[in-house]
Amino acid sequence: MDMKTIAIVGGGVSGILVAIHLVHSLRESPASAIHVFEQTHPLGLGVAYSTSCPEHLLNVTRERMSLFQSQPNHFMTWLHAKHHLERVGAFVPRFLYGNYISDTLAYAKNQCPENIHWHEHHDSVTALYPQSATTKIKIKTALSREVEADHVVLALGNTAPSSRLGRVELPLNSSRYIGNPWQPWQALDMSPDDTIFILGSGLTMVDIVLQLVASGHHGPIQVLSRHGLLPQPHVIGQFASNIAPVLDEDELPPKQLQALLRTIRQQVKQLNETQGLTWQGVLDTYRPYLPQIWQRLNLTEKRQFLTHLKPYWDVHRHRIAPDVHSKIVSLQQSGQLILNKGRVSQIENTENGFSIEFRTLENGTVMTRQAMSHWLINATGPSTDIRQNPSPLVQQLLLDGLLVPDELGLGIQATPDGAILDRQSQVVPNLYTLGPLLKAQLWETTAIPEIRIQAEKLAQRLAKELSRQYSA
């Protein structure tokens, strides 16, 4: 009997969770092989959990960060055994969560039964070629490996920020421009009193500022974003998972974005008056419903949301720990951190850095401001335009029509459960994805509470497919 093989391209937390669930789901199956391909990070950590900076905290409380939906206390149990709960705060350092992922992976591998063959490749996949004669997919890597798989999961994670800001080209060739803030930049020759200019004021900016200050940087830090918004803080104890939203999703028609906003505002007011609940708790009650709500909006409504509401959604939905928020506010009050609202109109290289021109609206008048900076850091967030992904694999799949950008530029054409669609809108046999590439279908698809559900469902689906193939 031919051994069936599942290949996972990408060894961040999304891919590793699929693999861990496969170890459980394939336990009673005939001999099977799991191949995991990851070049740049230790398995399971990806960009988010590779940080060693203790100031980088999880943006969700520890009680809600189990890797397994069916075991909500899994992370808490690990924390108690390894670090004692009283030694860590409600918002745990991300490097500790990385240790948790590593330990969970190690346990799964140790429990791997003899019928499952685990293979790790510290290598990058450069091409995938479906084999029509066998329904297998041939995998080619940068180190000239070739593997044939019955099923392939693309767990590619986030892409670096865009190299453009509207019509403005960013200075990619300058050694003082940091285009990917998730790559190591701390070893650069920065002086503690250098001026830093950061593009973007979201979660990535917060991470950068915390790391700069923790390393002793005391020079001015300028931040520019279109709306000048900062991530809002969580409120401890204000999670209302037991309160159902005042929303009947079965009756929610398309084209109801404004009605939905009114409903949320009304519920915030009502629950604040009756139960003292803050908007943070109310918004959290909508989280399980977000994919269904998003899918019911038509294309026009989705574009309106992305154009007008997305920045406000992001800072309210993707919040930060209260202590982190306090640090950012304190840096603003001290004058070290300066938040600007506006758009870049020009960037010029200078002898010691950059001259940055931006336009801002002040008292109803468009004003042009100029800032001089030694360093420029792009913290505008992951690029969702798949066409800008520099990966040879992604570019090959786009060229061959096996990946197709969605209409909104959020990810790719796919079904909500992760089946990838080709340029003829047909399902590509045996090719799947999860996580950020499904943003167009699910909207909220990048955090652990969503990823863990996707990974488990995909693993169960793959196990059923292998069972069917074995019995055929």
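Trainee: At what angle do helix H1 (residues 13–25) and helix H12 (residues 448–471) pack, and how far apart are their axes?

Mentor: In this predicted model, the angle between H1 and H12 is about 45°, and their axes are 8 Å apart.

Trainee: Why are H1 and H12 called oblique to each other?

Mentor: Set the value against the cut-offs. Roughly parallel needs an angle under 35 degrees, and roughly perpendicular runs from 65 to 115. H1 and H12 pack at about 45°, which falls in neither range, so they count as oblique. As for handedness, H1 passes H12 in a right-handed crossing.

Trainee: How do you know that H1 and H12 meet, and which residues are involved?

Mentor: Contact means heavy atoms within 4.5 Å. On the H1 side, the residues in contact include Val-13, Leu-17, His-21 and Ser-25. Among their counterparts in H12 are Ile-451, Ala-455, Leu-458 and Ala-463.

Trainee: Let's move to the strands. What makes S4, S5 and S6 a sheet, and how do they pair?

Mentor: A pair of strands needs at least two bridges. Strand S4 (residues 125–130) has five bridges to S5, and S5 has four to strand S6 (residues 146–149). Both pairs therefore pass the cut-off. The result is an open sheet in the order S4-S5-S6, with antiparallel pairing.

Trainee: Why are S4 and S6 said to stand at the edges?

Mentor: Each of them has a single partner strand, so one side of each has no neighbour in the sheet. On average, neighbouring strands here are turned by 20° against each other, direction ignored.

Trainee: Which residues of S5 are bridge partners of Leu-128 and Tyr-129?

Mentor: Leu-128 has Ile-139 as its partner, and Tyr-129 has Lys-138. On the S6 side, Lys-140 stands opposite Glu-146.

Trainee: What makes the side chains of S5 (residues 137–141) alternate?

Mentor: Look at where they point. Ile-137, Ile-139 and Thr-141 go to one face and are buried. Lys-138 and Lys-140 go to the other face and are not buried. Buried means under 20% relative accessible area, so the first three fall under that cut-off and the two lysines don't.

Trainee: Is Ser-144 buried or exposed, and how do you know?

Mentor: The relative accessible area of Ser-144 is 68%. Exposed means over 50%, so Ser-144 is exposed. Ser-144 lies in the loop between S5 and S6, a hairpin with four residues between the strands.

Trainee: What is the phi of Ser-144?

Mentor: Positive, at about 65°, although Ser-144 is not a glycine. In the hairpin of S4 and S5, which has six residues between the strands, Thr-135 also takes a positive phi, near 65°. Ser-425 has a positive phi too, near 60°.

Trainee: Where is Ser-425 found, and why is it called exposed?

Mentor: Ser-425 sits in the loop between strands S18 (419–421) and S19 (427–433). Its relative accessible area is 55%, and the cut-off is over 50%, so Ser-425 counts as exposed.

Trainee: How confident is the predictor in the protein chain?

Mentor: The mean pLDDT is 90, and 95% of the residues reach 70 or more. Among the elements, helix H5 (residues 257–275) has the lowest mean, 82, and strand S7 (residues 151–154) the highest, 98.

Conventions
Residues are numbered from 1 along each chain as its sequence is written. This is a predicted model: local features need pLDDT of at least 70, side-chain atom pairs count only at pLDDT 80 or more; totals for chains, interfaces and linings use all residues. Side-chain values use heavy atoms; hydrogens and water are left out. Buried means under 20% relative accessible area, exposed over 50%, partly exposed in between (1.4 Å probe, protein chains only). pLDDT is the predictor's confidence in each residue, from 0 to 100. Axes are lines fitted to C-alpha atoms, for helices over the stretch in contact, and angles run from 0 to 180 degrees between N-to-C directions. Angles under 35 degrees count as roughly parallel, over 145 as roughly antiparallel, 65 to 115 as roughly perpendicular and the rest as oblique. A crossing is left-handed if the near helix is turned anticlockwise from the far one by less than a right angle, and right-handed if clockwise.
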